[in-house]
Amino acid sequence: MRLTISHTTRYHFEHAPFRVLQQLRLTPKSRAGQTVLSWNTEITGGRKEVSYDDQHNNHVDLVTFEQEAREITIRSFGEVESLNETGVIGAHGGFAPLWYFKRQTDLTRAGPTIKRIAREIGGAGTTDDIANLHVLVDAIRAAVVYDTSATNSDTTAEQAAEAGVGVCQDHTHIFLSAARIAGYPARYVSGYLMMNDRIDQEAMHAWAEAHVDGLGWVGFDVSNLISPDPRYVRVATGLDYSEAAPVFGIRQGKGEEEMVVSLQVQQ
């Protein structure tokens, strides 16, 4: 499947900031299940200072904004050819060792609610890893209703699980937490998803991958109760959202900041 993607982020500042420095993880790479045919990132009101690959082999652009600029636009766009690998990514790569992905973070650290969800794996009565992980997906989705108004990027997995509401980021963090309790290395994935009912979207998507003996990394989308198919494009991975966030940075200056995202994914 050939997917065309256009992702634009516009910033408006009440007062021109003194300094802005951002890390962009917006560039997909050719990996198992996907081939990047073309990709560009254009910045109006700023410039790329350097590009590099981080410890997870994600492509990162380090960007500064022009002084006195109050309007900034970042546009990433291109075409990606995807294959149906039924969610199987395969052998581990990158610079971070596999054991690193068993480590909990501030966003994934489990409390009593997630520990209770994690016990669903042991109660499944099977030694099949894939079956166990799908049981976990079903348990999380049953316990945490999808709601875009209830959480934010700082919400922890335990907070979302206890509240019983969240979005794809929260579903993914809960999966990571519970899978790690069960002994599986697990990582966060940020990427694009072509929706069947619309082209325009409000944000990138998030799902999880767990490492299974004999298969390697396997994807699980808790929000949609499936493993990734050709509609999915992987962009960045990490221990949690903070290591795979599309845009992460700092700003020095006064006044309010407004951000508007425009995203289209289509075949």
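Visitor: Where in the chain does Ser-242 sit?

Guide: In this predicted model, Ser-242 belongs to helix 5, residues 241-244.

Visitor: What makes the run 241-244 a helix?

Guide: Helix 5 covers residues 241-244, and a DSSP run of H or I counts as a helix from at least four residues.

Visitor: Why is Ser-242 called partly exposed?

Guide: The relative accessible area of Ser-242 is 39%. Buried means under 20% and exposed means over 50%, with partly exposed in between. The value of 39% falls between those limits, so Ser-242 is partly exposed.

Visitor: What makes the pair Ser-242 and Asp-240 a polar contact?

Guide: Their side chains approach to 2.5 Å. The cut-off for a pair of N or O atoms is within 3.5 Å, and one atom must be able to donate a hydrogen and the other to accept it. The side chains of Ser-242 and Asp-240 are therefore listed as making a polar contact.

Visitor: How far is the C-alpha atom of Ser-242 from that of Tyr-188?

Guide: The separation is 9.4 Å, although the two residues are 54 positions apart along the chain.

Visitor: How do you know that strand 10 and strand 14 pair?

Guide: Strand 10, residues 186-193, shares six bridges with strand 14 in the antiparallel sense. Pairing requires at least two bridges found by DSSP, so six bridges meet the condition. Within this pair of strands, Ser-190 has Ala-236 of strand 14 as its bridge partner.

Visitor: Which sheet contains these strands, and what makes strand 14 an edge strand?

Guide: The sheet is open and has five strands in the order 7-13-12-10-14, with antiparallel pairing. Strand 14 (232-238) and strand 7 (88-90) are the edge strands, as each pairs on one side only. From one strand to the next, the twist averages 35°.

Visitor: Which helix packs on the sheet?

Guide: Helix 2, residues 129-143, does, touching strand 12 (205-212) and strand 13 (216-220). The direction of helix 2 makes about 30° with that of strand 13.

Visitor: How do you know that the radius of gyration agrees with a compact globule?

Guide: For 267 residues the globule rule gives a value near 18 Å, and the protein chain has 19 Å, so the two agree. The C-alpha trace spans about 60 × 40 × 40 Å along its principal axes.

Visitor: What is the content of the protein chain, and how much of it is buried?

Guide: The secondary structure amounts to five helices and 16 strands. Of the 267 residues, 51% are buried. Among contacts with a separation of 6 or more, 75% join residues 24 or more positions apart.

Methods. Residues numbered from 1 in each chain as written. Predicted model: local features only at pLDDT ≥ 70, side-chain atom pairs only at ≥ 80, totals over all residues. Heavy atoms only, no water. Axes fitted to C-alpha atoms, helices over the stretch in contact; angles between N-to-C directions. Contact = heavy atoms within 4.5 Å. Buried < 20%, exposed > 50% of the residue type's maximum accessible area, 1.4 Å probe, protein only. Rg over C-alpha atoms; globule rule 2.2 N^0.38 Å.
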